[in-house]
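Take a look at the protein below. We will go from the whole chain to one sheet, and then to single pairs of side chains.

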Amino acid sequence: MKFMKLGTRPDTFFTADSVRSVCTEVATDLQILVDNCLYHLHKFPLLSKCMLLQALCADAGDVVELPGFPGGAEAFEACAKFCYGITITVSARNLVPLRCAAAHLGMSEAADRGNLAAKLDAFLASCLLRRWKDALGVLHSTRHYAPLCEDLGLTSRCVDTVAALIVSPDTALPAKSSTSASPWWAHDIAELGVDLFWRIMVAVKATGAVHEKTVGDALKAYARRWLPNVAKDGLSLSADQPFDDHDAGSDADVKQVTTRHRLLLEKIVSLLPAERDAVSCGFLLKLLKAANILSASAASKAELVRRVAWQLEETSVADLLVPSLSCVSETLYDVDAVSAILDEFALRCAAVPPAPALALSGSPDDDSPAHSGGHRRSRSAESVSFDGTRRSLSAAPVSRGALVQVGKLVDGFLIQVAKDPNMPLDKLLAIAEAVPDSARPEHDGMYKVVDTYLKAHPEMSKSARKRLCRVLNCRKLSEKACTHAAMNELLPLRVVVQVLFFEHARAAVLASGGGHAVAAADLPSNIRALLSNKSGSSEDEEADRVDEQRLQALAAGASGDDWSVEGLRRAASKIATLRMKLAEDEDYEDRDAADEFARKAGLARSASLRFREFCAIPAGKPKRMLSKLWPLGRSGVSH
């Protein structure tokens, strides 16, 4: 660290009876009170260099009081020693208080040539602002005298110098360089107050010489240093505070500290680089958690939500679990924030739709955001931009892998929130349906969500269970999931019937060597008649119709040999399981079926009743079995 010595005389100041004086042969003729410390000094050396003392002595005589002196008694004594020619040492640690004290006393060139203020300015420009550690030390000390340093231009000079040293390739690196992914300068400026840090980062970004990924790493280091620890059970505030006017010895009010941390968070959000991958999605979600707890502004939250959506496939379920502190919602996690993220993700899919070759199926998915009018909305109406370039993020296509990854992420999130007893069904279904069907090549994760929610909400009504199970596609369940679903007593009976039917049909197709379902035109005429005559007015009837059509289409995909006696016997164990379950609820199902299908004006019976008859068919009469499973239509069928 560089230093400068001013003066040549030895130190002759001494203390006697709580009074500081100087040892000379001439009696003192001036008393100055600074911070409860009384000085007995001489007028001649002081008044010749201090314009303030000249004016005060002309008005008050030989006794002068200097309340609120910048730097206190220590800085005043150094200035007094300079007036006496006594040696003083100036370095980056004490230059700022000395410069502020010299300015307060009026020790400028107007009072005397070669005065203290001019010497300190020359030392600052020629030595201290040329070295990284010294420039940073001077800048750090300005926080104690912020208003006066701003007036003197010290703060702006130091900020510009530090920013220039950051972008300069000739800057000598400090001895202890960072071992993390952060740039070498990030750890040092992370010790500054939030206002100084913000000004440096703005100056660095304005040069355009630093990569935005590097800027993002510096923001991450600063947030890790100062932002409070966020946990599910609340907020843990750090002992240190990154604010220039913070008094470390005071018992700060929690509300005031929270407000300051909120301002810190909002400034970090405003500094986020425009580049898409400049910061990780996990870091953005941590900022969103902190914003949720600190009650940050709606603009900051909207910006974080938008950025998370643009790189959603990179995050994890743990990062997505944002604690909820809302007085309106009683849920453990902020599902509204996740819903908003998925809305923004839908906009991303709609803005840059994936190529047809990347889709999981041969045709566009009708449920995908790109083809669903319900997902279209004004982006400017729900997102706030901090500058003109925020919306110019690179619109990366949503590839098949990214879409599947988001589907797994949403299913994992829903499994966690489904455990919450206060989780509303409507919000759960809204999040489940927010991703396109092509994002779920299999529905094992969705089945876990349904099973978890049913276990956490045993009081659900039958209609609510049906609504919940409509998000399941039984054709996409694995063999393991089908086995579990067949034994799951919490599922509606109709879903169990579907699962067993699809599993048996799949096994029959595999046994016959077939791997695809036939088209609707290839179905037998009695099944085609059933599909054409099926109708219903209520929501439940419509769901039953769709489910039954799926069952019939899959059954028609198998050849005639698939429904042989041997094929039926291979599923005997599963059918026996269903038969036992049906027997327990036989009376209830009969009444329910009678009421339901009376409204359907004598059309085809429900899948559960047909399957019950199917289970009771003797093994030696396959033709009678088929006639009972699929009743003939009005027109005859010829094969």
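Among contacts in the protein with a separation of 6 or more, 72% come from residues 24 or more positions apart. Keep in mind that this is a predicted model. The protein has 639 residues, and 48% of them count as buried. About 30,500 Å² is exposed, and carbon and sulfur atoms supply 53% of that area. The protein has 30 helices and 9 strands.

Now turn to a sheet. It is open and has 5 strands, in the order β2-β3-β5-β4-β6. Its pairing is mixed. The edge strands are β2 (13-16) and β6, each of which pairs on one side only. On average, neighbouring strands of this sheet are turned by 25° against each other, with direction ignored. Strands of a sheet pair through backbone hydrogen bonds, and the pairing can be parallel or antiparallel.

Walk along the sheet from β2. This strand runs antiparallel to β3 (residues 19-22), and 4 bridges join the two. Here F13 stands opposite V22 in β3. Helix α3 (residues 72-84) packs on the sheet and touches β2, β3, β4 and β5. The direction of α3 makes about 10° with that of β5.

Next comes the pair β4 and β5. Strand β5 covers residues 37-41, and it pairs with β4 in the antiparallel sense over 5 bridges. The two strands form a hairpin with 2 residues between them. In the turn, D35 has a positive phi of about 50°. V34 stands opposite C37 in β5.

On β4 there is another partner, β6 (residues 63-65). This pairing is parallel, over 3 bridges. I32 stands opposite V64 in β6. Helix α2 (residues 51-60) lies across β4 and β6 and runs at about 125° to β6.

Which side chains of β4 are buried, and which are not? In a regular strand, side chains alternate between the two faces of the sheet. Strand β4 (residues 30-34) shows this alternation. L30, I32 and V34 point to one face and are buried. Q31 and L33 point to the other face and are not buried.

Leave the sheet now and look at charges. Side chains of opposite charge can pair when their charged atoms come close. The structure holds 23 salt bridges. One of them joins K133 and D188, with the closest N and O atoms 3.5 Å apart. This pair links distant parts of the chain: K133 sits in helix α6 (residues 132-141) and D188 in helix α9 (residues 186-189), 55 residues apart. How exposed are the two partners? K133 has a relative accessible area of 49%, so it counts as partly exposed. D188 has a relative accessible area of 12%, so it counts as buried.

A second salt bridge joins E313 and R276, with the closest N and O atoms 3.1 Å apart. E313 lies in the loop between α14 (298-310) and α15 (317-320), and R276 lies in the loop between α12 (254-270) and α13 (281-294). The pair therefore ties together parts that are 37 residues apart in sequence. E313 is buried, at 19% relative accessible area. The cut-off matters here, because buried means under 20%. R276 is also buried, at 9%. These two residues belong to a network of salt bridges that links R276, D277, E313, E314 and R348.

What about a salt bridge within one helix? K455 and D451 form one, with the closest N and O atoms 3.2 Å apart. Both residues are in helix α20 (residues 444-456). They are 4 residues apart, so about one helical turn separates them. K455 counts as exposed, at 54% relative accessibility. D451 is buried, with a relative accessible area of 8%.

Finish with N488. Where is N488 placed? N488 is in the loop between α22 (479-486) and α23 (493-512). Is N488 buried or exposed? At 6% relative accessibility, N488 counts as buried. The side chains of N488 and Y447 are joined by a polar contact of 3.0 Å.

Conventions
Residues are numbered from 1 along each chain as its sequence is written. This is a predicted model: local features need pLDDT of at least 70, side-chain atom pairs count only at pLDDT 80 or more; totals for chains, interfaces and linings use all residues. Side-chain values use heavy atoms; hydrogens and water are left out. Buried means under 20% relative accessible area, exposed over 50%, partly exposed in between (1.4 Å probe, protein chains only). Two strands pair if DSSP finds at least two bridges between them. Contact means heavy atoms within 4.5 Å. Accessible areas come from the Shrake-Rupley method with a 1.4 Å probe; for residues, only the protein chains shown count as cover. A salt bridge is a side-chain nitrogen of Lys or Arg within 4 Å of a carboxyl oxygen of Asp or Glu. A polar contact is a pair of N or O atoms within 3.5 Å; within protein, one must be able to donate a hydrogen and the other to accept it, and residues adjacent in sequence count only if both atoms are side-chain atoms. Axes are lines fitted to C-alpha atoms, for helices over the stretch in contact, and angles run from 0 to 180 degrees between N-to-C directions.
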